[in-house]
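Visitor: I should like a close look at a single part of this model, namely the charged side chains and their surroundings. Please take me through that part in one connected account.

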Amino acid sequence: MGESEKNRLIAWNLELQAAHQRLHRALRLVRESLKAGDTASARADLLLYCKGFCAALDGHHMREDIGLFPELSTRHPSLRPTIAKLQQDHEMIAMLLGRLDHAITSDATPSELAGHLDGLSAIMESHFRYEERELLGVLSTLDLEADPHDLLGPL
């Protein structure tokens, strides 16, 4: 196996970790804007950051659900229960994103907004840790000719 072939094989686990790291950074920016103090500015920042963050997180999960997970299910049938759990998490996270979006565009207080971020952050962290623990080993050996953006989203 040549070096370029080896690099291609290990790219999937690294791509997933990089996508998760970018989403962590985006969430950190959202939290920082809320902690800034000025409610009007914080709401404007949240609207800006959360729209991008929410779209990125939702897009990442959608691409996994329709791209990466079917490939993994076909190639590794033993992962089907894990993938079902991850897809269930995706549905819960989508619901939480919708609630956060509604809170941002309504008259939610900063503490209510922080509560939405805390809930989203908790499930997101748990989901990412589980996904990485269960899938990184398989992804490190995945021989798949595809664009990472097609399977993980444009992060």
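Guide: Asp-89 is buried in this predicted model, because its relative accessible area is 4%, below the 20% cut-off for burial. Its side chain nevertheless has a partner of opposite charge: Asp-89 and Lys-85 form a salt bridge, with 3.0 Å between the closest N and O atoms. Both belong to helix H3 and lie four residues apart, so about one helical turn separates them. Lys-85, at 36% relative accessibility, is partly exposed. The charged end of Lys-85 also sits over the ring of Tyr-130, at 5.5 Å from the ring centre.

A second bridge shows a similar arrangement in sequence. In helix H2, Glu-71 and Arg-75 are four residues apart, which means a separation of about one helical turn. Their side chains meet in a salt bridge of 3.0 Å, N to O. Glu-71 counts as partly exposed at 29% relative accessibility, and Arg-75 is likewise partly exposed, with a relative accessible area of 39%.

The structure holds three salt bridges, and another of them joins Arg-133 to Glu-134, whose closest N and O atoms are 3.8 Å apart. Arg-133 is exposed, with a relative accessible area of 57%, whereas Glu-134 is partly exposed at 30%. Glu-134 is also in contact with Leu-79, a residue of the loop between helix H2 (39–75) and helix H3 (80–105). Leu-79 and Glu-134 are 55 residues apart in sequence, yet their C-alpha atoms are 8.4 Å apart in space. Leu-79 counts as buried because its relative accessibility is 8%, and its contacts beyond four places in sequence also include Leu-135 and Val-138.

Glu-131, in helix H4 (residues 110–139), presents a contrasting case. Glu-131 is buried but has no salt bridge. The nearest side chain of opposite charge is that of Lys-85, 11 Å away; a salt bridge would require a nitrogen within 4 Å of a carboxyl oxygen, so this pair does not qualify. The side chain of Glu-131 does, however, make a polar contact with the side chain of His-20, at 2.7 Å. Among the other residues that Glu-131 touches, beyond four places in sequence, are His-60, Glu-64, Phe-69 and His-90.

These details belong to a chain with five helices and zero strands. Of its 155 residues, 38% count as buried. Among contacts with a separation of 6 or more, 82% come from residues 24 or more positions apart.

How values were computed: Residues are numbered from 1 along each chain as its sequence is written. This is a predicted model: local features need pLDDT of at least 70, side-chain atom pairs count only at pLDDT 80 or more; totals for chains, interfaces and linings use all residues. Side-chain values use heavy atoms; hydrogens and water are left out. Helices (H or I, at least four residues) and strands (E, at least two) are DSSP runs, numbered from the N terminus. Buried means under 20% relative accessible area, exposed over 50%, partly exposed in between (1.4 Å probe, protein chains only). Lys and Arg count as positive and Asp and Glu as negative; His and the chain ends are not counted. A polar contact is a pair of N or O atoms within 3.5 Å; within protein, one must be able to donate a hydrogen and the other to accept it, and residues adjacent in sequence count only if both atoms are side-chain atoms. Contact means heavy atoms within 4.5 Å. A charge sits over a ring if NZ of Lys or CZ of Arg is within 6 Å of the ring centre and within 35 degrees of the ring normal.
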